[in-house]
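Student: I should like a close look at a single part of this structure, namely its pockets. Please describe them together with the aromatic rings of the model.

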Amino acid sequence: TKAFIRETMRFVNALDIDYYSIHAGFKKSFTVKDELLFESGDKRIFAVEGIADNLKWFKGEFPDKKIALENLYPNNHNTECCFMIHIDEIVLLLEKFPDIYFLLDLGHLNISSQLLDFDYLNSVELLFERYSDRILEIHLSENNSNEDDHFILYPDSIQYKIVKDYASMIKENRINITIESRNSTIQELSDCFMRVNNIISSTQ
């Protein structure tokens, strides 16, 4: 993983991007098939202290770059698979590591809120109100609240409302927005981009 990050950072540096984002990480070892996690014969458990060690390594290697951790979701309905799944753990880690930044994946948060029974919109409000200056990027994608489907946003998607409700914070903090979609047409992507762009550009 560290070799992969070093290689990736060559592109980050070449493009003069000021941060690197990465998933918050697994809590134990898994095998992966079709992006689903399955229990592994490897019984290693990865404690939160490992995040601290990895952050220290990153800062030592790339002292001029920020690092943002992305919230995850109960992959394959495993509620203990990854860090930063439940809103409480997202807040806990952001408080524990005040020098890290955050990548807010709204699709992941939607799945987590449904499977772990916490309020989606209240959680979004908490994250923006408390950490808007540390959110570097937002990922938009639609799903069935069960798996990370990466559908294009529906025309009436609640995620457009979220972008609209927090557009001033997004602009003020220069938060990047990424549309994550698979198997969408160019027209669908264009329509989604235009809706997001119109929301942001019309905000004072």
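Tutor: In this predicted model, the largest pocket encloses about 950 Å³ of space. Its lining is made up of 34 residues, and those nearest the centre of the pocket are Ile-22, His-23, Ala-24, Gly-25 and Phe-26. Four elements each give two or more residues to this lining: helix 1 (2–14), strand 1 (19–23), helix 2 (49–61) and strand 4 (66–70). Helix 2 provides the largest share, with six residues. In terms of residue class, the lining of the largest pocket comprises 18 nonpolar, nine polar and seven charged residues.

The second largest pocket has a volume of about 180 Å³. The residues around it are Ile-170, Lys-171, Ile-175, Asn-176, Ile-177, Ile-179, Phe-193, Val-196, Asn-197 and Ile-200. At least two lining residues come from each of helix 7 (167–172), strand 7 (176–179) and helix 8 (186–201). Of these elements, helix 8 makes the largest contribution to the lining, namely four residues. Seven residues in the lining of the second largest pocket are nonpolar, two are polar and one is charged.

The aromatic rings may be considered next. The model contains five aromatic pairs. One of them joins Trp-57 and Phe-62, whose ring centres are 6.1 Å apart and whose planes meet at 85 degrees, an edge-to-face arrangement. Both Trp-57 and Phe-62 are buried. Phe-62 also pairs with Phe-58: here the centres lie 5.1 Å apart and the planes stand at 50 degrees, so this pair is classed as tilted. The angle falls between the limits of 30 degrees for stacked and 60 degrees for edge-to-face. Phe-58, like Phe-62, is buried. Together with Tyr-20, the residues Trp-57, Phe-58 and Phe-62 form one aromatic cluster.

Two rings are also approached by a positively charged side chain. The charged end of Arg-10 is placed over the ring of Phe-11, at 6.0 Å from the ring centre. Lys-66 lies over the face of Tyr-101, and the distance to the ring centre is 5.0 Å.

To draw the account together, the largest pocket takes the largest share of its lining from helix 2, whereas the second largest pocket takes its largest share from helix 8.

Note on methods: Residues numbered from 1 in each chain as written. Predicted model: local features only at pLDDT ≥ 70, side-chain atom pairs only at ≥ 80, totals over all residues. Heavy atoms only, no water. 1 Å grid on protein atoms, 1.4 Å probe; cavity = no way out; pocket = protein on both sides within 12 Å on 5 of 7 lines; lining within 4 Å. Points joined across faces, edges and corners; volume = space filled by probe spheres on them. Nonpolar A, V, L, I, M, F, W, Y, C, P; charged D, E, K, R; others polar. Phe/Tyr/Trp six-rings, centres within 6.5 Å; stacked < 30°, edge-to-face > 60°. Buried < 20%, exposed > 50% of the residue type's maximum accessible area, 1.4 Å probe, protein only. Lys NZ or Arg CZ within 6 Å of the ring centre and 35° of its normal.
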